[in-house]
Amino acid sequence: MAYNSKRGKRPMEWASKSSHTNIIKDSSIQDFLKLCDLPKTSYEIDVSSTQSIAIDDLRENPIKRIIAIDGGYKEVSVKNEFPSSKVAFMQFGATFFEVSDLENLKSLPFIDEEDMKKLRDIERIKLVIPTKGITLKEAPSLNISIRKTIYDFFIKKPDDRNHFIDTLKWFIFKEYYNEKECKDEYSQYQLASCPNLGCNSKKVILYKEKMDEKYQFICPNCEQKIFLTDVFRLHEVIDEELGASGILGYLVSLIEQIFIVHIIRLMLKTRASLLEETLFIKDGPLAFFGQTANMHKPMRELLNYLNKSKKLYLVGIEKTGAFVEHADQIREKMKPGEVLLLNNDYIYKYIIPGEADPKNPYASTSYYSGKIIFKDRNEKMYVVTLPIKDPFVINNPQKDDYRNIDVILNNIEKLKCDMYDDALLPIALVNKLVSLADHPSSVILEKFAKSKLHGH
């Protein structure tokens, strides 16, 4: 790595341009690469080894509106003298569409906000968070700075009357159950570890009755504050020196899904019938990743509860990754209108190199959904995730395991967009509304951060 010292005229340190030959000629490295396995190519794949179904046409479409959720982030340096000191800017959006407004907009070569006069932008929510070499003025560490920033975000957003923190409480303590259905276990939540530096307490029980009006608890060991938002366990991967850049992707995906839960809660609170007329679309799979993966359990329980008495239409759409690459490989092997319900054996044989274990199905500790590949009647390919009752469905999925699959896929077919390969119109639009491009967004945000910090 090159290093330029301003104190002297010493030359920069350059990596050798020939050192790679030592790696290439190493027999142990050559032998290792020969042992590696890759996903299978088209001629090696037998699509008949997983369940194939066709979707039924709808006599009447129950979906009257669509809500698409997406988020993005950009990490920037905040001071020229200390380029490793960084903050991250995040932006989240939920766009609202009436299905009737989209009937005649099936294919748009270019999309701008002006292309759809009836597009209603529900909310653009912003968050800035320190990630390395910077703390809040009254915070003693990066750990507490990040935790406090996330907590404050949940306390204040998305608007003055309805806050994410209330939704999180409702979600974690399962307040959607009525009094007769409630169990004692719902009034507590086990945190894997105390988030405070220096406290080594494990399996800390957060009792709902001991939570104060600020949604805070007191650790019985160190007697320091624990925020309700600490249930996300992001504190476990914050390093005071190396920083917390690694949490950003997890945090974005988490907030996107909390946004969905928040809208569901408000619908149930105001007019529950809206839920059965709304399709929720998330950009990316229906799953929680990294340290936030534990959230998949309460999410699955919430969706299972709702599906007992109501019809919930929720779908995740993937645009990149191994499953999208696989879908492209089998494009010619699928008929228009065909759906593949990917089972555990198929996933590990053809897509994710590894050995299938029926006791631990694919992504059972992070996904609350199952993956399918859909080739619509316009011959566009989609990798879709839909909620499932439990992770073992993946061992032998059947059509009935994917509730409301006909309604959801029929509506996906109506929303095709030519802006990107196999893209959906709502996802393309919400992505335009919230994405922070490498250029010029990162340059502008970096200048903005530096100017504000220098001003203090």
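**Exercise 1. Find the aromatic pairs, then look at how F154 and F164 are arranged.**

Start with the count: 19 aromatic pairs turn up when the whole structure is searched. Here rings of Phe, Tyr and Trp (its six-membered ring) pair if their centres lie within 6.5 Å; planes under 30 degrees apart are stacked, over 60 edge-to-face, and the rest tilted. Before going on, keep in mind that this is a predicted model, where local features need pLDDT of at least 70, side-chain atom pairs count only at pLDDT 80 or more, and totals for chains, interfaces and linings use all residues. Residues are numbered from 1 along each chain as its sequence is written, and side-chain values use heavy atoms, with hydrogens and water left out.

Now take one pair. F154 and F164 sit 5.8 Å apart, centre to centre, with 55° between the planes, and the pair is tilted. F154 belongs to helix α4 (residues 142–156) and F164 to helix α5 (residues 164–172), so the pair ties together parts that are ten residues apart in sequence. Helices (H or I, at least four residues) and strands (E, at least two) are DSSP runs, numbered from the N terminus.

Next, check the surroundings. Both F154 and F164 are buried; buried means under 20% relative accessible area, exposed over 50%, and partly exposed in between (1.4 Å probe, protein chains only). Finally, widen the view: F154 and F164 are in one aromatic cluster with F92, F153, F232 and F259.

**Exercise 2. Work out why the pair F323 and Y362 counts as tilted, and see what else meets the ring of F323.**

First the geometry: the ring centres of F323 and Y362 are 5.4 Å apart and the planes make 55°, so this pair is tilted. Then the positions: F323 is in helix α8 (residues 322–329) and Y362 in the loop between α9 (344–351) and β12, which links distant parts of the chain, 39 residues apart.

Then the exposure. F323 has 3% relative accessibility, so it counts as buried. Y362 is buried too, at 17% relative accessible area.

One last visitor: the charged end of K371 sits over the ring of F323, 4.3 Å from its centre. That label needs NZ of Lys or CZ of Arg within 6 Å of the ring centre and within 35 degrees of the ring normal.

**Exercise 3. Trace the strands from β1 through β11 and β12 to β13.**

Begin with β1 (residues 51–54), which pairs with β11 in the antiparallel sense over four bridges. Two strands pair if DSSP finds at least two bridges between them. I53 has V339 in β11 as its bridge partner.

Move on to β11 (residues 338–341). E338 and L340 are on one side, V339 and L341 on the other, and all are buried, leaving both faces covered. On its way to β12 (residues 369–375), β11 makes four bridges, again antiparallel. L340 stands opposite I373 in β12.

Now β12 itself: seven of its seven residues are buried. One side carries S369, K371, I373 and K375, and the other G370, I372 and F374. In a regular strand the side chains alternate between the two faces of the sheet.

End with β13 (residues 381–387), joined to β12 by seven antiparallel bridges. S369 faces P387 in β13. Five residues lie between the strands of this hairpin, where E379 takes a positive phi near 70°.

**Exercise 4. Locate P39 and K174, and list what each one touches.**

P39 first. The loop between α2 (27–35) and β1 holds P39, which counts as partly exposed at 41% relative accessibility. P39 and Y348 are 309 residues apart in sequence and 8.8 Å apart in space, C-alpha to C-alpha. Leaving aside neighbours within four places in sequence, P39 is in contact (heavy atoms within 4.5 Å) with Y350, I351 and P353.

K174 next. This lysine is found in the loop between α5 and β5 (188–193), and is buried at 13% relative accessible area. Not counting residues up to four places away in sequence, K174 touches K169, Y186 and E301.

**Exercise 5. Put numbers on the whole protein.**

Count the elements: twelve helices and 15 strands. Then the burial: 50% of the 456 residues are buried. Then the contacts: of those with a separation of 6 or more, 73% are between residues 24 or more positions apart.
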